[in-house]
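Work through the following exercises with the sequence and the coordinates at hand, and settle each task on your own before reading its solution.

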Amino acid sequence: MNIRLGRATVRAGQTGAPSGPRRGVLVALICAAALLLMTALLAPVAMFASGGLLAESGTSCASGGRGTATTAQPVASRSARDSIPANYLALFRSIGPRYKVPWVILAGIAKVESDDGQTALPGVHSGANAFGAAGPMQIGIEGAAGNQWGGPPVHPASQKVNGVAADANGDGTASVYDPADAIAGAAKYLLEHGVLDNVDQAIFAYNHLQSYVQAVLYWANLYANGGYTVSSAVLDSTPQCLPGVTLTSDAAVARAITYAEHQLGKPYLWGSTGPDAFDCSGLVMMAYRAAGIDIPRTSQKQWLWGPRISAGEVQPGDLVFFAGADGTPRSPGHVGIVIGGGLMIEAYATGFPIRIAPYGDRSPIGFTRPLAHARSAAVGSQSADRNVELLLPAPF
């Protein structure tokens, strides 16, 4: 009888060949080793087939886009400790959902390409590398890499180009060296190459090496399972706040926005004012309460409380209102806190975590400035004759 082990064939009874129980043990060991090897090779495939990464980004393919990740974050591994700077993590988590690209994939690419902008290698902060790639996401601007960015590496956002250039922070410039713009450009590139249908294929299109794909998937898998901590480092002169937040010297506005930032990711719950869940007006009320300013509880009353301002006057800390499912233009049912760059923090609806979202394409009905109302009230309290006039909402 012949026993085939890999490419070798051993004849039973042959001198030096294992026989009896020993032969059975050897076969079992070889089978076990083969099983372990297959498991290691198929692990990334199984992870993506189950929708694990998409669930981490807030949307699960397996549940038709209705599921959210709820598992607790494990302790970070040694290799990933302090591996994501705070501003980069905020950008990944904001821009990924905006393009429906799992943030952990964007984070994996940034880690492999530039260690989240922390490397001083050529092309990351200026110029290009030897292949023509540039920026923290190493997107092609010339040479062998081609001009995948489209147009000059830094150009006005209004300039139409044939590429993935983006102005994710709303500063009017599309810069391959700006972390927000570069991450958005990478997300657009991955979408163009089918990341929602074939993750491996899209990553391979980004860099034509199987070893690169495996490296990105390693980090993405680590992040998807919570294997990271947040570094206090803030790189590339990005403001120490979330994407789109305009720096402000006003302490009250800063406190209100900071409070809202700390609630990101918590669930929406109608009628709730925290600390574990919020509805839209509850979040706004509590954010301003943290800044020492009491405003009404509901979006309808917050809208009337004012004072109202024009769209051209909007600043961080202002409130943006929408008709909403339970409101009208005269009595708005939804409200968010403006953070700058065309973005707001909002508690949107059941099933959506508190999030950063653009407001310009959602047909806002108007804006108010609670801070101006509160200061008008403080000034008005010094003169009874002026009190009524100062507390009236300004006309819209």
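**Exercise 1.** Determine in which sense S11 and strand S12 (residues 343-346) pair, and over how many bridges.

*Solution.* In this predicted model, S11 and S12 run antiparallel to one another and are joined over three bridges. Taking Val338 as a starting point, one finds its bridge partner in S12 to be Met344. The two strands form a hairpin with two residues between them, and Gly341, which sits in the turn, has a positive phi of about 65°.

**Exercise 2.** Identify how strand S10 (residues 319-322) pairs with S11, and establish how far S11 is covered.

*Solution.* The pairing of S10 with S11 is likewise antiparallel, and it extends over four bridges. Within S11, Ile337 is the residue that stands opposite Leu319. As for its cover, strand S11 spans residues 334-340, and seven of its seven residues are buried.

**Exercise 3.** Decide whether Ser175 is buried or exposed, and list its contacts beyond the neighbours within four places in sequence.

*Solution.* Ser175 belongs to strand S7, which comprises residues 173-175. Because its relative accessibility is 11%, and the cut-off for burial is under 20%, Ser175 counts as buried. Once neighbours within four places in sequence are set aside, Ser175 is in contact with Trp149, Pro153, Val154, Ala166, Asp181 and Ala182.

**Exercise 4.** Find how many residues of helix H9 (residues 280-290) are buried, and examine Gly292, which follows the helix.

*Solution.* Nine of the 11 residues of H9 are buried, among them Cys280, Leu283, Met286 and Tyr288. Gly292, which follows H9, has a positive phi, near 85°.

Definitions and conventions. Residues numbered from 1 in each chain as written. Predicted model: local features only at pLDDT ≥ 70, side-chain atom pairs only at ≥ 80, totals over all residues. Heavy atoms only, no water. Buried < 20%, exposed > 50% of the residue type's maximum accessible area, 1.4 Å probe, protein only. Contact = heavy atoms within 4.5 Å. Pairing = 2+ DSSP bridges.
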